[in-house]
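Work through three short exercises on helix packing and side-chain burial. Try each task before reading its solution.

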Amino acid sequence: MSKTIYILNGPNLNLLGKRQPDLYGHSTLADVEAACQSVGAEFGLNVKLIQSNHEGQLIDWIHEARNQAAGIVINPAAFTHTSVAILDALNAFDGPVIEVHISNIHKREAFRHHSYVSARADAVIVGCGVHGYSLAVRHLGGLLD
Ligand code: DQA
């Protein structure tokens, strides 16, 4: 049976491609999904990419992943820097977790330098643009093989 991975996206990432393209590029979340499906297929992974602007919804999806997903790729967006609740939810998930940021958060404002999620993530990919998602799926594919 093929394994499923969740690719979770936090607030404002529904505007990817339109929002601050100088920072985040011109690709949309649909483009990211297509790229991740294609890499996932190489590893026989079923990829489910979802986005919410609401912290509680992201937490509910992480709980759902406990039964439904073998691994998680997460770009928590601004919740990265604020959410102990998302960290706690990820700590209740047993599989590998890869944290992705499109921009290099360490080159940006000081308040973006700390990530709560990094305390749980097995790997962190920052500053590779949307390509970071494909890299994350490839890495998960290797880990779950
Ligand atoms: C982001 C970086 C965060 O600081 C920011 O709040 C985002 C996107 C990134 O992918 O570079 O919304 O997670």
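The exercises below refer to this predicted model.

**Exercise 1. One face of a helix**

Task: Find which residues of helix H4 (residues 84-91) are buried, and where they lie around the axis.

Solution:
- Step 1. The buried residues of H4 are Ile-86, Leu-87, Ala-89 and Leu-90.
- Step 2. These four cover an arc of only 160 degrees around the axis, so they sit on the same side of H4.
- Step 3. Recall that an α-helix has 3.6 residues a turn, so residues three or four places apart point the same way.
- Step 4. Now look for partners. The buried residues of H4 pack against helix H3 (55-68), strand S3 (71-75) and strand S4 (97-101).

**Exercise 2. A serine in a loop**

Task: Decide whether Ser-103 is buried or exposed, and list its contacts.

Solution:
- Step 1. Locate Ser-103 in the loop between S4 and strand S5 (123-126).
- Step 2. Its relative accessibility is 6%. Buried means under 20%, so Ser-103 counts as buried.
- Step 3. Leave aside neighbours within four places in sequence. Ser-103 then contacts Leu-23, Tyr-24, Arg-108, Val-126 and Gly-127.
- Step 4. With Arg-108, the side chains make a polar contact at 2.9 Å.

**Exercise 3. A helix pair**

Task: Classify the crossing of helix H2 (residues 29-42) and helix H5 (residues 131-144).

Solution:
- Step 1. The two axes come within 9 Å and cross at roughly 20 degrees.
- Step 2. Angles under 35 degrees count as roughly parallel, so H2 and H5 are roughly parallel to each other.
- Step 3. The crossing of H2 and H5 is right-handed.
- Step 4. H2 makes the contact through Val-32, Ala-35, Cys-36, Val-39, Gly-40 and Glu-42. H5 contributes Tyr-133, Ser-134, Val-137 and Arg-138.

How values were computed. Residues numbered from 1 in each chain as written. Predicted model: local features only at pLDDT ≥ 70, side-chain atom pairs only at ≥ 80, totals over all residues. Heavy atoms only, no water. Buried < 20%, exposed > 50% of the residue type's maximum accessible area, 1.4 Å probe, protein only. Helix = DSSP H or I, 4+ residues; strand = E, 2+ residues; numbered from the N terminus. Arc of directions from axis to C-beta. Contact = heavy atoms within 4.5 Å. Polar contact = N/O pair within 3.5 Å; in protein donor to acceptor, adjacent residues only side chain to side chain. Axes fitted to C-alpha atoms, helices over the stretch in contact; angles between N-to-C directions. Parallel < 35°, antiparallel > 145°, perpendicular 65-115°, else oblique. Left-handed = near helix turned anticlockwise from the far one by under 90°.
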